[in-house]
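I opened this model to take notes on a few places in it. The entries below are in the order in which I looked things up.

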Amino acid sequence: MRNVAEQFGISSASVFMALNILDYLYEEEKQDYENSSYSELVKDFLENCMDFSDQSTETNKKLQELHIRFYARLTSYLTTIYQLEENLENIFKEWTRYHHSNKSKQNAIDKAIREREEEIVKYKVWRNKVFAHLEKKDSQDIKIEARLQYGGFIKDISKKECLSLQPNPSLKIFSEIDIVTQHKTLLQHYEKWENMFNEYSLE
């Protein structure tokens, strides 16, 4: 994405800043996992504790400290993705003269943007439902699950028990989010955005 962002004029700064923030958060998250012996802490928690309210054990204290750091980064990560996506869509429509194009071209642009949106839908769900707001129409199960997610449960027992209210179909919106393992896929998403800019710049 950086390869074409230089051509965005005054909008370039916001795109570069967002991409740099995402890379920074990824590197910081990865180092925190590596330096904290997180896997061993979780294993100890699952074998001996399983009580988030018990702050007396050293394992629980360390996990609580990690939760705060993980969730602070996750909040920033999701907010940055959300803002960058809005910026890219607006810039792309200006780039392609969307509002002055014929209906056929507008439909093609809308389709391309929807394809990008679908790639990051889980990030938007987390940002909107867990870290931003819940809709009035959301079910009570969704609201309870969002509180559990925000409370840090997903970080401890994410592989088996974090989505405690499943198999309720309405809770499938909560896909697992992991900055460390999913950052590479996110960057591929921005490569596709870059390809879109390049493709339409030739027209």
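These notes go from the core to one helix, then to the loop before that helix, and end with two serines.

**Entry 1: the core.** I noted before anything else that the model is predicted. I then looked up the largest nonpolar core and found that it has 47 residues. Met1 and Tyr190 have the most contacts inside this core. I listed the helices that each supply at least two residues of it: helix 1 (2-5), helix 2 (12-36), helix 3 (38-49), helix 4, helix 5, helix 6 (121-132), helix 7 (140-150) and helix 9 (179-201). Helix 4 gives the most, with twelve residues. As background, I wrote down that nonpolar side chains tend to be buried together in soluble globular proteins.

I checked the neighbours of Tyr190 next. Leaving out residues up to four places away in sequence, Tyr190 touches Met1, Leu19, Leu22, Ile81, Leu84, Glu85 and Leu88.

**Entry 2: helix 5.** I compared the length of helix 5 with what its residue count predicts. At 1.5 Å a residue, its 17 residues should span 24 Å, and the end C-alpha atoms are 25 Å apart, so the two agree.

Which residues of helix 5 are buried? I found Gln106, Ile109, Ala112, Ile113 and Arg116. They lie on the same side of helix 5, because they cover an arc of only 125 degrees around the axis. The general rule I had in mind is that an α-helix has 3.6 residues a turn, so residues three or four places apart point the same way. On the other side of helix 5, I found Lys103, Ser104 and Glu118 exposed. I also looked for what covers the buried residues of helix 5, and the cover includes helix 4 and helix 9.

At the N-terminal end of helix 5, I found Asn102 as the cap. A side-chain oxygen of Asn102 lies 3.2 Å from the backbone nitrogen of Ser104.

**Entry 3: the loop before helix 5.** I moved to the loop between helix 4 (58-95) and helix 5 (103-119), where Ser101 is found. Is Ser101 buried or exposed? Its relative accessible area is 17%, and the cut-off for buried is under 20%, so I entered Ser101 as buried. Its side chain reaches the backbone oxygen of Arg97 at 2.7 Å and the backbone oxygen of Thr96 at 3.4 Å. Not counting residues up to four places away in sequence, Ser101 touches Thr96 and Gln106.

Arg97 lies in this loop as well. I entered Arg97 as exposed because its relative accessibility is 60%. The phi of Arg97 is near 50 degrees, a positive value in a residue other than glycine.

**Entry 4: two serines of helix 2.** I looked up Ser36, which is found in helix 2. Ser36 is buried, at a relative accessible area of 16%. A polar atom of its side chain lies 2.7 Å from the backbone oxygen of Asp32 and 3.4 Å from the backbone oxygen of Tyr33. Ser36 touches Leu41 and Leu66, with residues up to four places away in sequence not counted.

Ser14 is found in helix 2 too, and at 34% relative accessibility I entered Ser14 as partly exposed. The side chain of Ser14 reaches the backbone oxygen of Ser11 at 2.9 Å. I last checked Ser14 against Leu84: they are 70 residues apart along the chain, and their C-alpha atoms are separated by 7.8 Å.

Key:
Residues are numbered from 1 along each chain as its sequence is written. This is a predicted model: local features need pLDDT of at least 70, side-chain atom pairs count only at pLDDT 80 or more; totals for chains, interfaces and linings use all residues. Side-chain values use heavy atoms; hydrogens and water are left out. Helices (H or I, at least four residues) and strands (E, at least two) are DSSP runs, numbered from the N terminus. Buried means under 20% relative accessible area, exposed over 50%, partly exposed in between (1.4 Å probe, protein chains only). A polar contact is a pair of N or O atoms within 3.5 Å; within protein, one must be able to donate a hydrogen and the other to accept it, and residues adjacent in sequence count only if both atoms are side-chain atoms. Contact means heavy atoms within 4.5 Å. A nonpolar core is a set of buried Ala, Val, Leu, Ile, Met, Phe, Trp, Tyr and Cys residues joined through side-chain atoms within 4.5 Å. The expected span of a helix is 1.5 Å times one less than its number of residues. The arc is that of the directions from the helix axis to the C-beta atoms.
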